[in-house]
Each structure stands twice: as C-alpha cells, then as structure tokens.
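Reader: I have a model on my screen and a few minutes. Please show me how to read its features.

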Amino acid sequence: MDTLHITDVSPRDGLQNQSAMVSTQDKLGLVERLVAAGVRSIEATSFVSPRAVPQMADAGELLPRLAARWPQLRASALVPNLKGLERAQAAGAREIAVVLSATETMNRKNINMGLSEALDISEQTLERARSLGLRTRAYVAVAFECPFEGPTPQAELLRLAGRMHEAGADEIVIADTTGAAAPAQVRDRLAALRDVLPLHQLALHLHDTRGLGLANAWVGLEAGVRRFDASVGGLGGCPFAPGAAGNLATEDLVLMAERSGLATGVALDGLLEAIGFAEAVLGRPLGGRSSAWLRRARGGRTAPVSA
Ligand code: COA
Ligand code: ZN
C-alpha cells in the first residue's frame with residue numbers, strides 16, 4: 001500500500017506558542033502517547049534562545065530522555081544557528097532542522113538575521129550537521145505568503161528550496177507558516193518545485209488557519225508528496241508570525257489518508273488519547289476538524305476507531 005510519512009511537530013510547533021508552561025514530564029507524556037499511536041517521527045523541540053521561546057528552554061534535558069526511552073523514534077530538533085546545532089549535538093541529537101524564511105522581514109522577526117545571512121547560516125549549519133552524520137531537514141518558511149511582506153514570489157521559493165537541496169538537506173520542508181496557501185497555488189508551486197528537487201525529499205508543512213489545510217494536503221498527495229508535517233489536535237503556531245494559528249491536525253490527515261487508501265501507520269484511537277492528554281495539560285479543548293466526530297464514533301463502540 002502507498003504510504004504517507006508523517007512528522008508530528010506538536011512537541012515543537014505545537015507547544016512553542018503556549019502561554020502556560022509545559023513541563024518536561026508532560027512533554028514526555030505527550031510523546032509517549034504519540035509513539036503509542038504509531039507515530040515514528042516527531043519534531044521534539046528547538047535549540048533556540050530561551051529568551052525568544054521560553055517553552056523550549058528544556059531542549060537539552062528533553063532530547064536525551066526521548067532518545068533513551070524510544071531509541072527507534074526519529075526525534076528532530078530545530079536549530080536556528082551553529083550555536084543551536086552545538087547544543088543539539090551535545091544533547092545527542094541525530095536529526096536537526098534549520099529554518100530559513102523566504103522573506104527578509106520574516107527572517108529578521110524570527111531569527112534576527114536578514115535573508116542573505118539566514119541563507120548563509122542555514123547552509124553552514126547544514127554542512128556542519130552533515131559532517132557530524134546527522135539527518136537534516138531544511139524549512140523554507142512563509143513559502144506562500146509572509147505576514148509582513150505579503151505574497152512570497154514563487155521564484156524566491158524555488159531559489160531557496162534549490163539552495164537547501166544543494167546544501168545537502170535530506171528533506172526540504174515547504175512551510176505555509178500562516179496557513180495562507182490555497183489549493184491551486186499549492187499545485188502550481190509543487191509543479192515548479194519538482195524541477196529543483198526530487199519530490200521524495202520534499203515535505204509539506206501546512207497550517208489550518210483558514211480551514212484549507214486538508215485541501216492543500218490533498219493537492220500535495222495528488223502531486224505525489226508523501227511527507228507531511230502535522231500536529232496532533234491541531235496544536236501550533238509561530239509566535240513571530242502574526243495570525244499564524246494551528247497546524248494541520250494529525251488526526252485529520254490520518255483520517256483523510258485512511259479513507260483514500262494510504263497507509264500512515266498511525267492509529268486514530270491513539271491520536272485521540274494524545275489529544276485528551278494535551279487538553280488536560282493545557283486546560284483547554286483541542287482537536288482538528290475531525291476530532292469531534294472521531295470521539296463520537298469511538299464512544300459508540302469498543303473496537304478501535306477506524307475510518
Ligand atoms: N540557543 C540558545 N542561545 C542562543 C542561541 C541558541 N541557538 N543562539 C544564540 N544564543 C544566545 C547567545 O549566546 C547570546 O547569549 P548571551 O546574551 O547570554 O551572550 C544571545 O542568545 C544573543 O545572541 P545573538 O547571536 O545576538 O542572538 P540574537 O539575539 O540575534 O537571536 C536567535 C538570534 C536565532 C538566537 C533568536 O532569534 C532565536 O532563538 N530565534 C528562534 C525563533 C524561533 O524559535 N522561532 C520559531 C520556530 S521557526
Ligand atoms: Zn509551523
């Protein structure tokens with residue numbers, strides 16, 4: 001069966017923006033439930049300035065505990081610069097992600113560098129990570145629209161994605177940071193991106209701010225993309241990109257995939273457990289578009305929910 005590879009980014013993209021501090025123990029609790037649901041790849045944390053993102057200050061403690069408990073789990077860590085890579089390496093990271101935004105202003109707001117410096121630093125960080133034998137992901141953020149500069153020129157997206165590919169990134173993550181993309185645009189950009197990098201190395205990172213997350217994911221699937229970032233319960237959003245709401249919910253993506261004959265290896269029942277846990281930790285209701293229905297369906301029978 002055709003398989004979809006999901007990286008659940010809730011421990012990083014999902015939690016970085018929460019106002020209530022989440023303990024390391026609770027992060028481990030969330031990952032435990034994701035792993036139990038069948039998730040094999042997560043973005044666990046980020047090695048960024050704790051002043052910029054206090055929620056990720058425990059990265060150095062969290063990562064080794066994850067690796068010790070789930071040695072088979074792919075646990076990536078976002079690193080904005082060489083210092084972040086150094087910290088990630090000291091914590092035993094085996095996979096990192098660099099973050100390059102496609103506009104000048106977004107780079108400044110996010111990592112306090114202009115675009116050309118951010119590109120330079122991303123390339124240096126990828127090169128160093130590769131020399132250390134780490135698996136690498138490279139985000140190209142605001143790939144469709146920037147909250148500060150408006151629509152992102154397609155040529156700029158292609159240039160930067162191409163540079164990340166040339167720099168040897170194993171996976172290039174095309175990120176709709178604010179959930180601004182629409183299906184026709186996703187289709188057109190994916191068609192153009194095929195010319196600068198192989199599709200099997202491309203991942204789509206979608207947000208559901210305007211309710212178009214799944215429609216955009218479907219266009220990606222139809223175009224042959226098989227790697228997706230998603231966040232359980234739709235948790236997520238970038239603190240430095242105004243208007244960015246939750247990520248595409250993992251449960252919505254898994255439900256759509258299942259109903260469309262694609263395997264994910266992830267169980268919806270297990271995802272509901274993870275959502276319930278995150279709700280208890282954060283003290284508010286969560287869930288993507290399908291979670292209310294999934295919960296009803298699950299309440300009505302004892303067998304695991306499957307679509
Ligand atoms: N991790 C921890 N501390 C870091 C760091 C890292 N990766 N990179 C730099 N620092 C520290 C420096 O050591 C310095 O500390 P000091 O004041 O105690 O000496 C301080 O941060 C300032 O260093 P500087 O290089 O001037 O950084 P900056 O203030 O220009 O900030 C970033 C740059 C990248 C560190 C910061 O903007 C950041 O962490 N951004 C992350 C944003 C993010 O997570 N966005 C969401 C995900 S896309
Ligand atoms: Zn995101």
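Author: Start with burial. Buried means under 20% relative accessible area, exposed means over 50%, and partly exposed lies in between, with a 1.4 Å probe and protein chains only. Here, Asp-13 is buried, and so is His-205. Some ground rules follow. This is a predicted model, in which local features need pLDDT of at least 70, side-chain atom pairs count only at pLDDT 80 or more, and totals for chains, interfaces and linings use all residues. Residues are numbered from 1 along each chain as its sequence is written, chains are lettered from A and ligands numbered from 1 in the order in which they are written, and side-chain values use heavy atoms, with hydrogens and water left out.

Reader: Which residues are the protein donors of the zinc ion (ligand 2)?

Author: Donors are N, O and S atoms within 2.8 Å of the metal (3.2 Å for Na, K and Ca); water is not among the atoms, so sites may look incomplete. For the zinc ion (ligand 2), the protein donors are Asp-13 (OD), His-205 (NE2) and His-207 (NE2), at 2.0 to 2.1 Å. Their sequence spacing is D-x191-H-x1-H. Asp-13 sits in helix α1 (residues 10-14) and His-205 in strand β9 (residues 202-205), so this pair, 192 residues apart, links distant parts of the chain. Helices (H or I, at least four residues) and strands (E, at least two) are DSSP runs, numbered from the N terminus.

Reader: Which residues of helix α9 (residues 213-223) are buried, and what do they pack against?

Author: Contact means heavy atoms within 4.5 Å. The buried residues of α9 are Gly-213, Asn-216, Ala-217, Val-219, Gly-220 and Leu-221. They pack against α8 (183-193), β9, β10 (227-230) and α10. Just after α9, Gly-224 takes a positive phi of about 105°.

Reader: At what angle do α10 and α11 pack?

Author: Axes are lines fitted to C-alpha atoms, for helices over the stretch in contact, and angles run from 0 to 180 degrees between N-to-C directions. Under 35 degrees counts as roughly parallel, over 145 as roughly antiparallel, 65 to 115 as roughly perpendicular and the rest as oblique. Helix α10 (residues 250-259) and helix α11 (residues 268-282) pack at about 170°, with axes 10 Å apart. They are therefore roughly antiparallel. From α10, Thr-250, Glu-251, Val-254, Leu-255 and Glu-258 make the contact; from α11, Leu-268, Leu-271 and Ile-275 do.

Reader: Is Thr-24 buried or exposed?

Author: Thr-24 is buried, at 11% relative accessible area. Thr-24 is in helix α2 (residues 24-37). Leaving out residues up to four places away in sequence, Thr-24 touches Asp-58, Glu-61, Leu-62 and Arg-65.

Reader: What about the sign of phi?

Author: Most residues other than glycine have a negative phi. Asn-112 is not a glycine, yet has a positive phi of about 60°. Asn-112 lies in the loop between α5 (104-111) and α6 and is exposed, at 63% relative accessible area. Val-142 also has a positive phi, near 45°. Val-142 is in the loop between β5 and β6 (145-146) and is buried, at 1%.

Reader: Where does Gly-133 lie?

Author: Gly-133 is in the loop between α6 (115-131) and β5 (135-141). Gly-133 is exposed, with a relative accessible area of 62%. The C-alpha atoms of Gly-133 and Leu-199 are separated by 23 Å.
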